[in-house]
Structures are given as structure tokens and as C-alpha cells.
Amino acid sequence: MNAPNKPEPRIPEADQQQPTWGLRHPLWLFLTAVLPQLVIGAYLYSSYTLIQSLLNKRSKAIWLDLAFIAFVGVAFPVATGLYAWYKKTPVKAIVAGLLLLGNIGILYAYLYYLTQLFPFTVPRWMLQADEMVSLPLGLMMPSLFYALLVIIDELTPDKEKTSAWINILYAIGVPVFWYLFFQILSPMLRQGSDIGRHSLPILFIAFTLVFFFFFLRGALLLFHKPSPHPIIKPVVRFCVLFVFPLLGLIVYNGHLFSKNWFVPKIVGSLQHPAFFLLALLTGIFLFQSPRPTSASSLFLFGLRSAVYPYTLYFFVIFLPFLPLSLPAIVLFGLGFLILAPTLLMCLHSYILAQDIRLLRTRYAISPIATSLVFLLSFSSIPGLIVLSMYQERATLHRALHYLYQPKGPEVKAPRIHLGHLQNSMDVLRSNVRRRRRSFINQDRNKVPFITNLYKKIVLDNMTLSQQKLDDLDQVFFKKRHTTVQRTVLRGLRSTDVTKAATRPTTRSTTVPQLSRVPSAPYLSNVETTTRYDAAHKRYETTVTCMIQNDRKWQDEFRTSFQLPVGAWVKDYALWINGKKVPGALTEKKSTLWIYQQITSARRDPGLLYYEKDNTLTLRVFPIPSKGMRKTSFVLLHRNPFSLTLGHATYQLGKKHQNNDITTLWKDRLIYIPQAQKAKLPKIKRSPYFHFILDFSQSDISYADRYNDQIEYLRKRYGAAPFRKARVTIANYQAKTFRLNTKLQQAMKETPRQGGLFLDRVLKHIYLEHARKNSKTYPVIVLLSPNPSHAVMRERLQGLSFLSPDQDVFFSMTPEGDLTKHALYGAKPDIDLGKFSGKMSPFFHTKEVYAWPNLQSPRAYLPKDGQDGITLILPQDPKEKIVTSLPKESWEAGVAMHGLWLLGKLRLGGQDNWLTQIRWSWRTHLLSPQTSFTVLENEAQWEALRRKQKQVLAGKSFFDLTEDAPRRMDEPPLWLLFLLFAAFFWLTQRRRSSQNN
């Protein structure tokens, strides 16, 4: 770093004057006034189209007036800018003055009518309430700032004769005036005078403009004019470049004072070490003087251009809060640090302009070369940030695809940069665990602009639930967490109702209650109306529920029930104000997100969706105090069955039993009634061992013990179950081979890393075995030092056709403790204790059905006494299974169930998810990826449509909720001004009272 008093290269006299054309070029008018106004207009138009159905005539009239004012606000700078550009004249001061006054008027009108533009009857979750003020205010500040600079340029014709220090003293006098003003005004306020109420807003606006006028003019003159004392200018530069930025970061992040000192995080988090490093580098680069050679001067210009985005970044994020600097200076003294980004921006821009003139005049470097160096250098830091985000996106998406959307049954993980994955998870966990909003604080962990850009690039503007973050930790890093799982859902509309061909049978039942005063709303009456359609051989049953709430407050009704295979939900409705409102079939995740937002505002949604597998959940909110609600849903089923709702069971259909076998997709998807299944030939298949060796991350190698356990079982059970025995060495990826002498070598070559992804390994083993249609079946034994640490996100419920012979697998610790684990349902794990020679827990072979015959079976079906849907997998994993969607509704339900089975097997990925949603909409049948919902008004439907569009444009493995506790909504930015004013007024009253 050069000494502060070293003389800078002399610039020719003709180039020392700042050219007015640069500041007053019409391009700046478009960038600072027109473009932000268009963004504001797009935001307001989007908000209006969302909430217009909730507005009264008065509010709509104000919206219309605001639209006209906004049109004028855009048309004026466009017209004057085009005229100036056509005439090749600079922007006139009168244009800047009108722009300044016009924007202040528009902003004042917007804030004055804010509660009528966005009345409190509109739920704040629809509007992103923190943007209602911050966005228009922030985007209008550049035009105000530019207009003020043009006025300063116009009113300072002779820069050499205008004193910088006089202007700075004038600027300092403004907060002094406010302090004295409140000292005098305080007795008047206590006496009930109306002076403050009428004069304070006008005085605040006027003196704020005066303050910034003199402050900016003094700063620009100080940077431009040579100082009479050589030490003054370097000291000022040192303060602007080093002291103010670093001190501002230190104070903002709360490092200067004690922990009890309150510093509002008005823009979010600025704690990353990169902010401090870039502040230091910016100061070093700008404090340097140009070298006496063209190459070194150009290199220094490139360095200064490279850190210019940092200066511009802080200038932009603090620009909306510049009006706060005046009361902050009066109240705290340190409020002048809010002005530090503006000072740095002015100085940085001035130095770059000097560099450009120096390069062009002294070294004759062409404007094209100078512009190219500036653009390349300027884009370096933003480019590196965006590039790192895309690298993290690729890594995170590969990991999530492997967990939730694999391209096939393979268990070989893609190449994943664990460092990038860990960084993504740190960011996500920071948002989930510590994302808090205080009364006036922004999101404390949200880095301005960068966090939103990160969510856009990496997360498709969504997030990951706590459960999925835990899955990633357990699979790739073997970190275990205790997570409360939550359900996520989505939705759209339909009114199609198919009438049955025969006369309905209606039954009404009063539901028995366990208690006269239940702890929650309950079903007081259920009416079932069943029609049989002889033409299509199916039943259609309407279930109407009356929900009673005996509590003294309104509450939510929630119940779950199960449907057998072959029964589908066709329709749903909720009565609102005595009128039946049909349900819309919508994407499930977005629907549940909307439902959670609405119920927090105590509105009227109803929801019906698949909770898991064949279990459905019905939710209605609110059930009024001492009141009732009515809701209904329609079931489509082939055969009669018993439905259990609450504490009662209802028989749906009696006479017509349909035992026809339904085959789809070239006989690969088969619906077989129990009556037909019982006629198939039975067989007991031969078992063989399939060992899974846990090679997850561990400090101790258990390879020798694994080999001893396998040899012990060989001696115990003989050679028969070992003839086709196989071994899978697994962690978050797996390798399977026949049990032979290569086992020792394979264990030596396999690194211990990550966690044991047992969920994928089991599905892979059963899936590959099911493709072969063999007359044997695997008995899976997991050998692990700690089986409970294996990642098993869900049991294989609904996939019994993969393992019809045995519904358990086993785990054995190195000490010989044996545990039986259920593959399906919610059976508890059974600890078999120490393995002994008297026990034979492995081979309890069940009879299974061979389809279609015993000589050439294509599939084996479980002997479970129930109707079933079986998926016959081709031997070639790349062969397409899904063909088309049948036109007949009930058969379409079978096809949708087959598509769901493929999804359970993690086959098809994103396409499978989207196809399930599209088929559900086409057939108007509920699927595990959709839900029936009823909302109260058109605004809620519009919000749901927008959220659903966002979800469908992203990846299915992302979520809309972080599974975090609900937080207090943050009030809009205008409350900051009220808080400052109230605090100041109370302080002055207290001081005046003490003086009296």
C-alpha cells in the first residue's frame, strides 16, 4: 500500500472537470426510474389479480387511481428520456425536480392508502406482507437518489469555489435542528397542540431532502476538489474506505457491544467472513494510487472493477433505509453508519471514473478495451457466486435423485462432492433451525438477495423438510437426528358427477361415541348411499358425514380411514353456509401448504388425501363451537366392502360380487379378486440366504466378524440355503455378488463411508429377485454392529408381491443377537436374543399362489385372503411398463395404482410423479400425489393455483415447508418509522419531565 501523502498522477486540466453528460445521460433515467417502476407495477398487478375478489368497491377504485398514477410515473421519465436521447441533450434539472417531487407524491399516496389497497380482511400469507412496503420503497429510492444527484450537479455550477466543509456543516446542522426542535416542541405536545400532527411529516420529508442534498454535495466536493491540507483527503479516504465499512459491519453484527445490546437486523444476515474480507480488499484497492505504467494502471482498474459489485451490493441493500439515517443519527449517534455504503459508492464510482479518464487520455487505451476489462472484472465475483450455486445444485440434486428419484433399481450412487453437499445442508439447516423473525428484524439468516438467488438456483424456490435433511445426513454422513415427521400436500377443481344406473340403497347411522363430552370434534351421523352400475359392474357410494363439536371453541376435525385395494375416491364436497361446494382435485403438497395457511387464519377449508399407502385422512376446519359441519365423499369400488369411520363400520354394497380378473399394460398389471386368487395353484418356494454387510462409516472394522457369522450359519443350516446365497456390501451405495471366495477381497476393497441406506438395498434385492420369477426366495440377514442406525425410511407396505413368501427380514449384531423386522405394515420388531442352535427363526416358508399356472409362472402372489393388484416386472430394467390410461373410471383407478407401485419402487422418477398427477386430474380420481380440497373464496383458489404451478415446475423431492414451528409474521417496514418516532418522542417527554 502506498503512503497516503504520495502524489497521484496528474490528470490533464481539460479532464479534471466531471463531464455532465455521464451523470445526465438519459440511460440513467431508464435504469433508475423506468425499470424499477415496471418491476413495482408487475408486483402490484400480481397482487391485485390475486386479491381482487376480496376487495370492496372503494378499494378497487383506489387501485384504479393508483394504476393511473403509476402509468404517469412511468410515462414521464420514458417520454423525457427518449426526447433527451433523440436530441442528444443531457437530462434537465427541471426533469429531475419533477421526478423527485412526483415519486415522493406517489410513495406518500401509496403509504397513505396502504390499508385500503391491502385491507386487513386479506390474509397476509397471500401477500408476503414484508414486501408490501419494502419492495416499492426500495425500488423507488434509486430514482430519488438519481434525481437528487442531478439537482446537486445543477446547483453546483462552480465546483472549485463551492466549499465542501460548509455543505457538510449544513448537513450536520439538520440533526442538530431536529434535536433542538423536539426540545421546544415537547411542551406543546404535552399541551395537546396539533402542530406536531400537521407539521412533523412535512418537516421530516423536507429536512431529509435538505440533509441528503448537503451531505451528498459535500461528500462529492470533498472527493473532487484538492484539499488545502495534504493530510485531510487521505484521512477522509481512509475513514470512508476502511473505518466506516468495517465499523458498520461490526456494529450491525453485534460484535462491538455486549450481547444485551439490541441491533435490529433490518436487511438480514451479514455475518459471513467474506463480507469483512471484501470490505478490507475494497479499501486496499481503492486506497492505492495508479502506477506509472499502462499495464499496472489497467490491472489496478481491473481490481477496483472486480470489487465494485460489493460496493454496489451494500449501496442497494441499504438504499431503502437511507431515510432512517437522520432519526438514527439523532437517536444513537452511530446512525451515520447507515450512510457508509452511500459514501463508499460515491467514492468508488468517482475513482473508477478517474481511472477511465486516465487510461483513455494518458495511455490511449481504447474505450472498447476499457469496457471489456470492466465487464470481465465486474462479473468475476457474481460469476463465482452463481457458479458455486450451480455446483451445489448439481450435487444436491444428484443426492436427492439417488434417494427419492433413482433412474432405475441400481444402488450405485452417482459421483457426489460431499463438501458441496455438506455446505448445502448447512445452509438449509440454518434456515430450518435458526430462522427467526423478531418484531422489527428481517429473517436473521437471510443474506440479502443472495439467499433468494440461492433458493431460486439450488432449490427451485422451495426447501427441504427436516426429515429429508436427516435422511441426507444419515445416508451420506451417518449422522443421526431425532425428527418429528410432518405431512405435506396439494390441489385444483372439478364438478363431474357420474350417476349410477340402478336405484341407490341409503343407510343412515348414528355413530356410537365413547364419551359424552369428547376431546375433539367427532362424527355424529354418517349416511351412506350406494348405487350399482350394472353396465360397468361397479358400485358408487356417497358417504355423507355430520361432524359435531361439543367444545366451547371452534376446532379442527380430523379422522383417518382405510380403503381396500380396488376402491377409489371419486369426489368430495363440503357445505359452506348451507351450500354444497364441490371439491377440487389438486396437487397434494401445495394443497396442504395452503390448508395450513388458511387454518391459521380461521377460514373454511376441507381436505381429503392419502396419508400413506391405503390410509386416507379427512380434515375439516373450523367446526364451530357447539355446532355442526357437513361433508361428503364418493367412493368407486368393484365389490362390496366394510368401511370403518370413527368407531362404526358400514357395509357398502351387498348383492353384486364381481370376480373378473382385470389385466392392463400388456398383462403386466393385474387385479385379481380373492375368489380367483384362491383358485390358483399353490407352491412353497425354496429359501436361500442373502447377506447384507454393513460397511457404513465406522472407526472399527467388523469384516472378520461378518465372515465368522456367515460360516457359523453355514454350519448350522448346511449347504442347501447357501447354494444360491448372495452378499451385498452396502453403505449409501451397494455391490451385490454371489457368495464365494472373493468375499474377503471385496471387503478389503470397499471403503467405509456414509450411512447404511437399507431402504434402497432391500428394494433392490427384492426387485431384482422378482424379475426372475424363480422358485426360490431370499432370506435377508443384515450383519451390522448397530442395525438401528440403518436408514429405513419406510417399510415395503403395498409391495407384498415382491416378497410374498416371507414378510420379515433379520438382523444380527457381531455378538450374535438376532432381531426379526417386519417388511410390511406396522408389526413390531421382535428381539430373538442370542442365537442358539435350538432356534430356527429363518425358514418359515409360506405357501404362495403361482400366476397364471405352476408350469410357467409369471408372478407369485401372497396368500393373504384379500384382493390384490400385482405388477409383473420385465427382466430388462429399461423396458417400458406403463402404456396408457384406460377410459373406464374403475380400470383407470387400477392403472393409477400401478403407477403408484412404480413410484414406491422408485422407478420413473419425476415423470412418474407428474404422470400420477395428470392421470388423477383426467380421471377425477384421488391419487397419493393429489388431494381433494374445498376453499372459501376465489382468492384462495388463485393462491393455490400459483403455488401449485410453482411446485409442478420444480422437483418432486422438494418441499414447501421446513417442518419448523410457526413464526410471528413480521410487520411492514413503515413500523420502523413509527418505532423510531415513538421512541424519540417518549425520550424527549421523559427528559422534559425530569427538567420540570
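## Strand E20 and selected salt bridges

Glu 556 is partly exposed, because its relative accessible area is 23%; this class lies between buried (under 20% relative accessible area) and exposed (over 50%), computed with a 1.4 Å probe on protein chains only. The model is predicted, so local features need pLDDT of at least 70 and side-chain atom pairs count only at pLDDT 80 or more, while totals for chains, interfaces and linings use all residues. Residues are numbered from 1 along each chain as its sequence is written, and side-chain values use heavy atoms, with hydrogens and water left out.

**Salt bridges**

The structure holds 25 salt bridges, each defined as a side-chain nitrogen of Lys or Arg within 4 Å of a carboxyl oxygen of Asp or Glu. Three of them are listed below with their N to O distances.

| Acidic residue | Basic residue | N to O distance |
|---|---|---|
| Asp 153 | Arg 24 | 3.1 Å |
| Asp 555 | Arg 551 | 2.4 Å |
| Glu 556 | Arg 619 | 2.9 Å |

Glu 556 and Arg 619 form a salt bridge. This pair links distant parts of the chain, 63 residues apart, with Glu 556 in strand E4 (residues 555-562) and Arg 619 in strand E9 (residues 615-623). Arg 619 has a relative accessible area of 10% and is therefore buried. Salt bridges with shared partners also join Glu 938, Glu 942, Arg 945 and Arg 946 into one network.

Asp 555 counts as buried because its relative accessibility is 18%. A salt bridge also connects the side chains of Asp 153 and Arg 24. Asp 153 lies in helix H7 (residues 131-154) and Arg 24 in the loop between helix H1 (20-23) and helix H2 (26-51), so the pair ties together parts that are 129 residues apart in sequence. Both Asp 153 and Arg 24 are buried.

Helices (H or I, at least four residues) and strands (E, at least two) are DSSP runs, numbered from the N terminus.

**Strand E20 and its partners**

Of the 5 residues of strand E20 (residues 808-812), 5 are buried, so the strand is largely enclosed by the rest of the structure. Val 808, Phe 810 and Met 812 point one way from E20, whereas Phe 809 and Ser 811 point the other way.

Strands count as paired if DSSP finds at least two bridges between them. E20 pairs with strand E19 (residues 776-783) in the parallel sense over 3 bridges, and Met 812 in E20 is the bridge partner of Leu 783. With strand E21 (residues 817-822), E20 pairs in the antiparallel sense over 5 bridges; here Thr 819 in E21 is the bridge partner of Ser 811. E20 and E21 form a hairpin with 4 residues between them, and Gly 816 in the turn has a positive phi of about 95°.
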